[in-house]
Structure formats: structure tokens, C-alpha cells
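Reader: Hello! Could you take me through one part of this model at close range, in a single connected answer?

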Amino acid sequence: MKNGKFLTLAFESSCDETAVAVVADGREVLSNVISSQIEIHKAFGGVVPEIASRHHLMNVNAVTEQAIEDAGVNWDEIDLIGVTKGPGLVGALLIGVATAKAFAFAKRKPLVGVHHIQGHIGANYIAHPELKPPFTALIVSGGHTSIAEVTYYTDCKIIGSTRDDAAGEAYDKVARVLGLGYPGGPKIDKIAKEGDPNAIKFKRVYLEKDSLDFSFSGIKTAVLNYVNSEKQAGREINVPDVAASFQQAILEVIVNKAIFATKKRGDEKLVLAGGVAANSRLRAMLSEACQSNNIRLYFPPIELCTDNAAMISSAAYYLYKQGKRDDLTLDAYPSLPL
Ligand code: KG4
Ligand code: ZN
């Protein structure tokens, strides 16, 4: 405790960010340190799991010290340790889990494992101090695309999910086809601004009537086929047009399904989370759709959209308040249902 506030220190290492944060009372960020490995993985066009684990191991202690220092606290004042327990890359997760357990043991602190998606939702509690469940949540990231009903801080049920690729994965794959580099999401976001979203009509995949599930595995092939046939016909590819049209095709489906789910549940609030929540076009389209449907939209600032540990601290805090505790048998779970 410091100044009467409950301090949670949490670790996030599910993919290529080694992150440690200290958050007060589940909502106030005292420090949020992120050591990104993007530059390292860029050379391979995607995250290499073994390399990610090694770098987590190399960096985690320094990142932890930095988080403590930036927060201006000492270990005695930390009340709880949180950590992402899954889903994610198993080797990467293990570094965070092992470090969290080691500190919990050595410093005699309670420990709580957090589901990564619950963490992404938690980013919104930090960004919007007045936000309370219930609400509908749309989680779009490199590893997940889901719609969830959130009935309490700790109660979250998935009501729709991708059946194949995640939205961020589709962005990254299409960016590779277009030669834009890794990670593709922010690159497509930027270049699409100069393109025409209606230039090429890529198929909108809605699946069965009223389904809240997604499928994004076909779009990469559709873009690839388009690029190849244009090349064969000797025409030059207009990259901004292709990027804008691809983005339009998947975002229209995402926005329509999210609004449909929110209305169907009778929720007044829609909460956006995950790395793709940083996308400017998605934010604009959802804002407009929410406005015309009388739904209040919440999303975090860009730095809390992509992986970070502040969001894990927030989720760990609410789990702890609900009586959740883990012990030193806590493990890493690469595919963890919510
Ligand atoms: O949440 P996150 O950091 O990691 C996972 O939990 O997966 O999300 C990373 C994903 C990547 O696929 C990245 O390309 C995508 O989020 N992303 C974006 C944008 N910024 C990050 N996608 C579209 N537009 C963006 N501005
Ligand atoms: Zn994530």
C-alpha cells in the first residue's frame, strides 16, 4: 500500500513484448514499462517463438527494476503480483510466470494469473475511470478476434470468435503480400489512408445468419490472387487501394457483428480492446456506428491497445478482490479458454 492505495505489479510476456507495470487500485498507472522485440523479429517477418523466449529471459529483470523505479515505490509497498498465464507462446509465457512466481515467493506477495483477453479488456478500466460492467466487448488482436459479454469485472463469456485467423494476423499476412513489412497492422492503417476503400470488392465473410463468429483466412488468398492477376495482366498494383479495400472488407464485418451483438444483448456500452483496436479506421467506423445506434463506445489510448502489463495489473486487481489466488504451482497455458 502507498498513500492508502493498493499496488499491483504485473508481468506480460505472452508474445514479443516484455512488459512490467505498477498500477494503483486497478485503475491508476504508476509505471508501464514495455521492452518490445519488434526490431528483432522484423528480420524474420514475424515472431520467432524461441527468440522471443530468450529475449524475455534476458530483459525481464531489468524491465522489472525499471517499473519499480518509474513508479517511485519499493517492494514492501507492492500488495499483489499479477501475470499473464495464457494464451500465448508457451516459452514466452513461461518466463513471465516463472519470474512472477519467483518474486511472489521471495517477496512474500500474493499471486494471481490472468487470462490475456481479460487483460486487454482491463486496459479500458485504466483509460475510463467511470467504466463499469456490464458491457459487450470486442477484442481484436494478433492472436484473438472475439466478441464477449462482460457481466462483471471478473466475469466474461465469449459469444463469438474467429474460426481461423485473428484480425491482426490477417493484417500482418496481407501486409507481407503487399511487401509492407512487419508488423503489418500499423503499416496498412497508414497507407490505406491514401487509398480508396471501394476500389476492389473483396468478399465480406459473415458465415451463417446471425453468427457472431468470424473467418479471416480467405482474405489473404483473395488479396494474393488479386495481386497476381493484376501483375499477369501487366497492370501496376495500387498498394494504397488494395490496403484500403482489404481493410474495408474485414472492418465492415467486424463493426456490423459487434453492433449486432451489443444490440441483441441490450447493452448500452461497447468496449473495444486488443492491438487492432489501435486502428484508426476501425475506431472511426465503430464510433459512427455506435453513434447511430445509441451505443456508448469505449476504447483505450493506442499505447494501452497493444500488449502491455498495466492492463494485466488491472485485471489481476479485480480477480484478487473477488478472492482469486494462485500458488507456486501456477503454470503457463498456451491455449487457455476464457
Ligand atoms: O494485442 P497485440 O499487441 O498482441 C496480441 O495479443 O496478439 O496485437 C498485435 C496485433 C498485430 O497483429 C498488429 O499488426 C495489430 O495488432 N495492430 C494493428 C494496428 N496496430 C497493431 N492492426 C491494425 N491497425 C493498427 N493500427
Ligand atoms: Zn494481446
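Author: Happy to! At 1% relative accessibility, H120 counts as buried; the term means under 20% relative accessible area, with exposed over 50% and partly exposed in between (1.4 Å probe, protein chains only). This is a predicted model, in which local features need pLDDT of at least 70 and side-chain atom pairs count only at pLDDT 80 or more, while totals for chains, interfaces and linings use all residues. Residues are numbered from 1 along each chain as its sequence is written, chains are lettered from A and ligands numbered from 1 in the order in which they are written, and side-chain values use heavy atoms, leaving out hydrogens and water.

H120 offers its NE2 atom to the zinc ion (ligand 2), whose other protein donors are H116 (NE2) and D307 (OD), lying 2.0 to 2.1 Å from the ion. Donors here are N, O and S atoms within 2.8 Å of the metal (3.2 Å for Na, K and Ca), and sites may look incomplete because water is not among the atoms. Along the sequence, the donor residues follow the spacing H-x3-H-x186-D. H120 sits in helix 4 (residues 116-127) and D307 in the loop between helix 10 (302-305) and helix 11 (310-321), so this pair ties together parts 187 residues apart in sequence. D307 also counts as buried, at 15% relative accessibility.

For a bit of the surrounding fold, strand 7 (residues 145-152) and strand 8 (residues 155-161) pair in the antiparallel sense over six bridges. Pairing requires at least two DSSP bridges between the strands; helices (H or I, at least four residues) and strands (E, at least two) are DSSP runs, numbered from the N terminus. A two-residue hairpin connects strand 7 to strand 8.
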